[in-house]
Each structure stands twice: as C-alpha cells, then as structure tokens.
Amino acid sequence: MPPLPVPRDAREPADAPGPAPAAGGDGGPDDAGIMDIAEVTGVAETTGGSGVTTAEATAAKVTDRAGTPGVPDVTSPGPSSARPARPAWPTWPSAPGFPGSPTPRRPPAHPAPPRSPSRRPRPTAGPRAAGARLRAADFVGRRPPTYEPEPTAWPPADPGGLEDLVPDTVLDGARYGAMTLRATSLRGDSARFRGEPRRDALLTARFGTGEDALLLVAMASGARAAEGAHRAAREICEWIGGAVGRSHARLAEDIHAGRRDELKSGLHRLTDRTYGRLRVRATALGLSPSEYTAGLRCLLLPADVRCRTRVVFFGVGGGGLFRLRDGAWQDLDPEPRAPEAAGELAPGRADAVGGYDPTDRITVDLGIPTPGTTPVIDPDEVPSEPFRFRASIARPGDALLLCTAGLADPLRGEPELSVRLAERWAREEPPGLAEFLADAQLRVKGYADDRSACAVWEV
C-alpha cells in the first residue's frame, strides 16, 4: 500500500513545492499525475492468491518482452491471451492515470532530496513585506503619522441626496505647448479615519478654443467642523467658474495686453459677487456666514504660448503659492505678518518673494466695512479677509504650485517635505498623473487635513 500524502502546512503559500518522493521510488516530479489502480482504489488486491497485486498485474499488461512501456504483450500466457488483441486506449489529457488506460510513464527525473516538513523555508519577501517597504516611504519626518495611509471609512449616504457624495480623490492634468499641468484633491487622513467627506473641492475648466483659450483651476476648502462644508466649497468653485467663463474673453484680452490693474479689479469684483451668493445661500439654509463659507484659490493660465504673462493667481483665504526655481522653493504668497518678519523661513528654505502690496490688502466687499475706515460690526461672526492677487512671468524650468492649507502648512513647517518635492519636481520631465498623486500625498505627522494642489511646469 503506497504511503498516504503528507498534509501541507496551512501557513505555507500555495505555490510552495510539495513533499519530495521517498528515496528509491520509481517516480519523480513528472509522475505526479500518473496513478495505477491500487492508488485509485487505495486497496492492494491480489489476483488468484498468487500474491501479485493489482498494480503489478497492470504493469505486466502494459510491458512487452523488451521492456518497452505502453505496448501490450498479447502473447504472454494468462487469461487475457485467449482474447483477441485490442487497440490501446488513447491517453486522455484531462484524466491521466484513468483505470484501464495504458498511459505511458515518462523517464524518472532526478529525484529531489527528501525534505522534512518541519524545515520548509518560509518566504522572506512577499506582498506584506513589500507593502511595508512602500508604506515606510510614504511619509516624511521623524515619526510616522497617527492614521493609516489608506481610506478606512466612507461617509454616510442619504438615499435622496446621492448627488451630494464626494469621492475620496480626484485627479486631472493637461498639456498646452510648453506648459504641463497636474491637479489633484484628496481626503485627509483624519477624514478618512472618521468617515467624513472631503471638505476640499477642485474645478478644472477650459474656456474658449485655440490661442484664445483660458484655463481655470479653482480649489476651495470648507470651514473645519462645519456641517455642509463640502457643499460650500463645491458651490463656490462652480460659481467662480461660471463667472470667469462668462467673462473669459475680456480676461484673456487683459492678460495678453498685460493690463494688471484692470485684471485685478475685474477678478476682485467676480470674487466679491461669488462670496455674496455664498452668504445668501447660508441665510437660506439657516446658517451663519461663518459656518457656510470656504477659502478660495484660483489660477488663470492662457493657452497661447506667446503670452508673456503665464499665470494669474487670485483668491481669498489660507493656502499657499510656491515657485520652484533652480531647485529651491520660493513662497509667493506668505501669510500676513509683520514687515520685519516677512521673508523669515526655516533654515534651508527659500526666501519669501513678494508679499502684500498696500493695494492688495482689500477686504472682500460683502457688506463688511473696510478695516481702518469704520468700526467692524461683529468681527467674530464675519471676519474680513484680504483679496490675494499675483501675475507671474514664468521662465523655462520653473514649476509653480498652488495648494490649500492642507499641503501649504506642512510644506512650510517640515523642511524634509519641501526637499523631497523639490527633488522630484525639478527633473526635466514633469511627473505623470500617478506620480504626481503619490508626491502630493506624502504624509507628515501632525498634518492630517484635506489636500488640494495644482502644479504647472514650464518646459
């Protein structure tokens, strides 16, 4: 009776080799699919008390005098010699070793040395180990972030308002002449863990055709811990997009002609009207303006490569506007600070460039008195915000980054993050969509908010 098969360890991977045949056996790895009758039935039956097993009788029937396997010996004595010779059954590939089928045996291969099941080698590298190495590189800083790197929970859904659902991540990109654009918005680690919707919104749009086309990138961040913050961010992006789209011909003309003052005042009026609509919307929902609001940051980019002004930035609220030039970051939109502190950054960081003009410190006209002229009514309820504007002239090799506070804060607060992004984005070829997404979600402990970013390369 042949030995019973040795059970495999449950912890062993499915593709690990099975137990090797015993020493002195007549089969090798190539005989794994060949069975005789005794192996099929599991019983060593004898024929006529002669002590010959069924397996041996089968072997005798399929072996001729010369010892050639697979050719029946029809002249050998026995009960089968009185019968006429029958043609050999064909070998069925789907059922090797079928009883009665004279399946030829292959020459035995070199038998492998016996291996003890207790000494089977365990895999040293696999999906889990590779994943650990990848996760070890997706953050910067001395300690890993608190939350997991992947989404954990979805926000609750309303059957009657499925259009209100927000995807975890959005990604977009384009190329116009020498300009390459990448944009993404992703949910923060904290919101992923708590099952909250992404409060950031991202809008990318092209108005017009040909050389007169105007590209718009708008991103907004809803108020923290406010109900419906993601709706406010989405609506303000849609409304500013509609306003820019209706005025894109005039805006493109001002950009091509380099009329900075006209461009600034026009975008200021469009932004005022957009925030006015948001205040009306908050009143209709029974919310205070501070509960239903969002910070807004936008880029206007002409598709005409001959246009000298390459990028126009405007918006309201926190975030960042950075330029990567000669391998160093420059902060083009520093947070308001005292004049003597302007330009002071952490060691190893690029200096702040520009700042705020006195004419830039304009409170968005939402019915709020301008600071310094009349007393501000209820400043805690409706705080004032400066209107931010900047027209930039890019040169080949520059990379411009516009982002919300979720990425701007760690970029200013963790020097290693700025170094890593500078190394990856200062190459000759801009990153692809997947690479840009991986770069934008490099995590830093202590910064778990949503991130929205748009990078523009001038090559």
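Strand 11 (399-403) and strand 13 (451-458) each put at least two residues into the lining of the largest cavity. Keep in mind that this is a predicted model. Of the strands and other parts involved, strand 13 gives the largest share, three residues. The cavity itself has a volume of about 80 Å³, and the chain has two cavities of 30 Å³ or more.

Who lines it? The residues include Arg-310, Val-311, Arg-323, Ser-392 and Asp-398, along with Val-456, Trp-457 and Glu-458. Sorted by class, the lining looks like this:

| Class | Lining residues of the largest cavity |
|---|---|
| Nonpolar | six residues |
| Polar | one residue |
| Charged | four residues |

Now over to helix 6, which spans residues 248-257. Its buried residues are Leu-251, Ala-252, Asp-254 and Ile-255. Looking down the helix axis, these buried residues fall within an arc of 160 degrees, so they line one face of helix 6. Turned away from that buried side are the exposed residues Ala-249 and Arg-250. The cover over the buried residues includes helix 5 (229-246) and helix 7 (260-284), plus strand 5 (214-222), strand 6 (294-302) and strand 7 (311-316). Right after helix 6 comes Gly-258, with a positive phi near 70 degrees.

Zooming out, the chain has ten helices and 13 strands, and 37% of its 459 residues are buried. Taking contacts between residues at least 6 apart in sequence, 66% join residues at least 24 apart. About 26200 Å² of the chain is exposed, with carbon and sulfur atoms supplying 55% of that area.

Conventions. Residues are numbered from 1 along each chain as its sequence is written. This is a predicted model: local features need pLDDT of at least 70, side-chain atom pairs count only at pLDDT 80 or more; totals for chains, interfaces and linings use all residues. Side-chain values use heavy atoms; hydrogens and water are left out. Helices (H or I, at least four residues) and strands (E, at least two) are DSSP runs, numbered from the N terminus. Buried means under 20% relative accessible area, exposed over 50%, partly exposed in between (1.4 Å probe, protein chains only). Contact means heavy atoms within 4.5 Å. Accessible areas come from the Shrake-Rupley method with a 1.4 Å probe; for residues, only the protein chains shown count as cover. The arc is that of the directions from the helix axis to the C-beta atoms. On a 1 Å grid over the protein atoms alone, a cavity is a set of points where a 1.4 Å probe fits but cannot get out, and a pocket is an open set with protein on both sides within 12 Å along at least five of seven lines; lining residues have an atom within 4 Å of a point. Grid points are joined across faces, edges and corners, and a volume is the space filled by probe spheres set on the points. Ala, Val, Leu, Ile, Met, Phe, Trp, Tyr, Cys and Pro count as nonpolar, Asp, Glu, Lys and Arg as charged, and the others, Gly among them, as polar.
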